[in-house]
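Biologist: Please show me the structure. I would like to ask why certain words are used for parts of it.

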Amino acid sequence: MANLPAHASPSLHALPTSTQPVNNIQLSPTSHPYDTTPANSASETNSISDGDNATTGVPPIVSPPATPGGTIPHTHISHPKLIERLPEVECIVRARIPTTTGAEMFLHLYHNDIDKKEHLAIVFGNTIRSRSLDRVRPGECERDRMIRGAYVGKLHPGRESSWYENPAKRGTTGHNEGGAVHESEVISERPSEAPLVRIHSECYTGETAWSARCDCGEQLDEAARLMSLPMGTLNEIASQQSRTVPNNVSGGVIIYLRQEGRGIGLGEKLKAYNLQDLGNDTVEANLALNHPADDRSYGLATAMLVDLGLGVDSNPHGIRLLTNNPDKVRAVEGPGREVVVKERVPMVPLSWQTGGKMGFTSSEVEGYLRTKISKMGHMIQ
């Protein structure tokens, strides 16, 4: 895999970038919107450069272009923060969630040692389990384990064991005195191939307030659909739309990180929206507020994936990452390549896939996607 760009810093040299105006990028189901390089120019390219030794992104010390919609050098675009070590994470509780589509998932709530936020993992399938959740805790009884979600199979009235649904199989204590997980046949089960993974950052406006300024809500819904629906149903839908869908036989995980507004918080994000209405794009608006274009970090996501048994130490298949952001691939793999991204699966807007028959369109989201392609290097195909 190619190395990724260095983080934004005034001391780094500018990377080559396209000079094509953002508004000239054509967004259509049949075009290649991420290819902004003129056909007769070999030097003007959004190619990826070395960045394994990158440092933390910092807010720009210069103002964005005075003219909204102008081009911004890549030195002003901060990339995901690469960390030196994985944070400590612990799954505190999980619960079965029946969904309105008929599918079921398990919602895992995590605590960590770097912030006080409650980050989440949405797990589809029965082969992905949290090590920290399953670990036996001092002084707990079987009912305590079931209440915090550390059980095998499903709960039902009268169940007494966290290890076995069927009381007839209760032949062991289920754990040892050292607090290690009992390696029962069910808990030892692992994915048979690379599962689908989506690293999703919280977006209140797109997920709850029905915002058409971004495609975050649609991406969250589509990731859950690809991970949860039976393959026969997915293939039938895909055939009607002349496209393919990734195999979800090994289930999937959506890591839901609480880093609203690409890390700047909801209040600052709403200010950025007002700046966008004044003529700035999503990158320019963040810079005008003295924030990096992207202030997110993915170390917590990597640590959570390792805890879920999807790291290289227990999962030889790697993961298939649902993303349009090539920077995210390297960031999610972790400082020591604790997780291997086997494949990047693009998240193409539904309106592009279906010629406008599904999904949504708006002038705001089209401008948002143009900016992500032109200024942030996203590959939406």
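Modeller: In this predicted model, a search of the whole structure finds 17 salt bridges.

Biologist: What makes Arg 85 and Asp 113 a salt bridge?

Modeller: A salt bridge needs a side-chain nitrogen of Lys or Arg within 4 Å of a carboxyl oxygen of Asp or Glu. The closest N and O atoms of Arg 85 and Asp 113 are 3.2 Å apart, so the pair meets the definition.

Biologist: Why do you say that this pair ties together separate parts?

Modeller: Arg 85 lies in the segment before strand 1 (89–98), while Asp 113 is in the loop between strand 2 (104–112) and strand 3 (119–124), so the parts joined are 28 residues apart in sequence.

Biologist: Why is Arg 85 called partly exposed?

Modeller: Buried means under 20% relative accessible area and exposed means over 50%, with partly exposed in between. Arg 85 has 47% relative accessibility, so partly exposed is the right term. Asp 113, with a relative accessible area of 39%, is also partly exposed.

Biologist: How do you know that Arg 137 and Glu 90 form a salt bridge?

Modeller: The N to O value for Arg 137 and Glu 90 is 3.4 Å, and the cut-off is 4 Å, so the pair counts. This pair links distant parts of the chain. Arg 137 is in the loop between helix 1 (131–134) and helix 2 (142–147), and Glu 90 is in strand 1, 47 residues apart.

Biologist: What are the relative accessible areas of Arg 137 and Glu 90?

Modeller: Arg 137 has 23% and Glu 90 has 34%. Both values fall between 20% and 50%, so both residues are called partly exposed.

Biologist: Arg 129 forms a salt bridge with Asp 134. Are these two residues buried or exposed?

Modeller: Arg 129 has a relative accessible area of 13% and Asp 134 has 3%. Buried means under 20%, so both are buried. Their closest N and O atoms are 2.7 Å apart.

Biologist: Which residues are linked in a network of salt bridges?

Modeller: Arg 96, Glu 104 and Lys 154 are linked in this way.

Biologist: Now a residue without charge. Why is Leu 196 called buried?

Modeller: Leu 196, in strand 4 (residues 196–201), has 0% relative accessibility, so the term buried applies.

Biologist: What makes Leu 270 partly exposed?

Modeller: Leu 270, in helix 6 (residues 266–277), has a relative accessible area of 41%, so partly exposed is the term. Tyr 204, Leu 266 and Leu 270 form a nonpolar patch on the surface. Together these residues have about 270 Å² of accessible area.

Notes: Residues are numbered from 1 along each chain as its sequence is written. This is a predicted model: local features need pLDDT of at least 70, side-chain atom pairs count only at pLDDT 80 or more; totals for chains, interfaces and linings use all residues. Side-chain values use heavy atoms; hydrogens and water are left out. Patches are made of residues with over 30% relative accessible area and no salt bridge: like charges are joined within 9 Å, nonpolar side chains (Val, Leu, Ile, Met, Phe, Trp, Tyr) within 5 Å. Accessible areas come from the Shrake-Rupley method with a 1.4 Å probe; for residues, only the protein chains shown count as cover. Helices (H or I, at least four residues) and strands (E, at least two) are DSSP runs, numbered from the N terminus. Buried means under 20% relative accessible area, exposed over 50%, partly exposed in between (1.4 Å probe, protein chains only).
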